[in-house]
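Here is a friendly briefing to read alongside the model. Keep the viewer open and follow the topics in turn.

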Amino acid sequence: MNNLSNTAKKLDKVFEIAHIVLGALTIGFLVCTVLIAVAYVLKLDPSMIGVGYEKFDIGFLELTVAEAYAPDKWLVLLHAAIILAVSSRLCYDGRRGVGYIREILQPMKEEKPFAGTVSTNLKKLARLSINLGILGNIIILADQIISVFVYDLPALLVSEKITHVGGMFEVELSFIVFWAVLMLLSYVFAYGEQLQQLDDETL
């Protein structure tokens with residue numbers, strides 16, 4: 001039990017730092033989103049906000065589009081604003097998840113791994129993993145859409161050597177596995193809590 005308690009205390013310190021970092025990132029991403037919105041309302045020159053509007057990534061490749069074929073800068077900024085807003089919510093939910101993990105670690109620090117709060121927080125964490133998975137997929141799809149439709153990647157690449165470019169939009173569904181594992185763990189700990197309660201009543 002001492003090993004469990006010591007490990008839980010060390011992990012809690014790590015997650016305490018993560019909690020602070022995620023809070024700072026949430027605010028930072030939100031501020032950047034608001035700045036883009038204000039710049040649009042005030043009709044500022046996009047060049048005042050950022051650079052590299054002609055560049056975009058495809059996996060490990062970075063492409064630079066000729067100025068004549070570069071997309072509208074405000075469309076690129078709209079994409080950035082969407083990514084920043086979703087990232088802000090992602091970090092906010094991640095911070096909530098870290099809070100649930102710290103609540104799970106609390107009884108373990110006190111050498112009570114089957115306290116009533118553990119299974120409850122595991123269920124909260126499982127539900128939150130669905131939100132995080134959906135938000136992550138929004139970011140993935142936004143990047144894919146900007147490459148295909150805003151930068152018009154098919155038109156840029158089609159030539160006498162490449163006759164067709166097709167987009168294959170993909171989503172990441174591994175978050176469903178995390179949800180299932182966390183739900184299973186919540187039931188295991190709930191059962192353990194019942195056994196612990198029966199043991200305490202017997203004593």
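## Salt bridges and a helix pair

Welcome to the tour: the structure holds 4 salt bridges. Please keep in mind that this is a predicted model. The points below begin with the charged pairs and then turn to the packing of two helices.

**A link between helices α1 and α2**

- Start with Arg102 and Asp12, whose side chains meet in a salt bridge with an N to O distance of 2.9 Å.
- Arg102 belongs to helix α2 and Asp12 to helix α1 (residues 2-41), so this pair ties together parts that lie 90 residues apart in sequence.
- The two partners sit in contrasting surroundings: Arg102 is partly exposed, with a relative accessible area of 24%, whereas Asp12 is buried, with a relative accessible area of 7%.
- Lys109 joins in here too, as Asp12, Arg102 and Lys109 are linked in a network of salt bridges.

**Asp93 and its arginine partners within helix α2**

- Asp93 is worth a look from both sides, beginning with Arg89: the side chains of Arg89 and Asp93 form a salt bridge at 3.1 Å, N to O.
- Arg89 and Asp93 are 4 residues apart in helix α2, so about one helical turn separates them.
- Arg96 also meets Asp93 in a salt bridge between side chains, with an N to O distance of 3.1 Å.
- Here the spacing is 3 residues in helix α2, and Arg96 and Asp93 are therefore separated by about one helical turn.
- Asp93 counts as buried, because its relative accessibility is 0% and buried means under 20%.
- Its partners are both placed in the middle class: Arg89 counts as partly exposed at 40% relative accessibility, and Arg96 counts as partly exposed at 29%.

**How helices α2 and α3 pack**

- Next, follow helix α2 (residues 73-109) alongside helix α3 (residues 116-150): their axes come within 9 Å and cross at roughly 165°.
- Angles over 145 degrees count as roughly antiparallel, and α2 and α3 are therefore roughly antiparallel to each other.
- The crossing in which α2 passes α3 is left-handed.
- Which kinds of residues make up the contact of α2 with α3? They divide into 19 nonpolar, 8 polar and 6 charged residues.

**Where to point the viewer**

- For the link between helices, centre on Arg102 and Asp12, which meet in a salt bridge.
- For the bridges inside helix α2, centre on Asp93, which pairs with Arg89 and with Arg96.

Key. Residues are numbered from 1 along each chain as its sequence is written. This is a predicted model: local features need pLDDT of at least 70, side-chain atom pairs count only at pLDDT 80 or more; totals for chains, interfaces and linings use all residues. Side-chain values use heavy atoms; hydrogens and water are left out. Axes are lines fitted to C-alpha atoms, for helices over the stretch in contact, and angles run from 0 to 180 degrees between N-to-C directions. Helices (H or I, at least four residues) and strands (E, at least two) are DSSP runs, numbered from the N terminus. Angles under 35 degrees count as roughly parallel, over 145 as roughly antiparallel, 65 to 115 as roughly perpendicular and the rest as oblique. A crossing is left-handed if the near helix is turned anticlockwise from the far one by less than a right angle, and right-handed if clockwise. Ala, Val, Leu, Ile, Met, Phe, Trp, Tyr, Cys and Pro count as nonpolar, Asp, Glu, Lys and Arg as charged, and the others, Gly among them, as polar. Buried means under 20% relative accessible area, exposed over 50%, partly exposed in between (1.4 Å probe, protein chains only).
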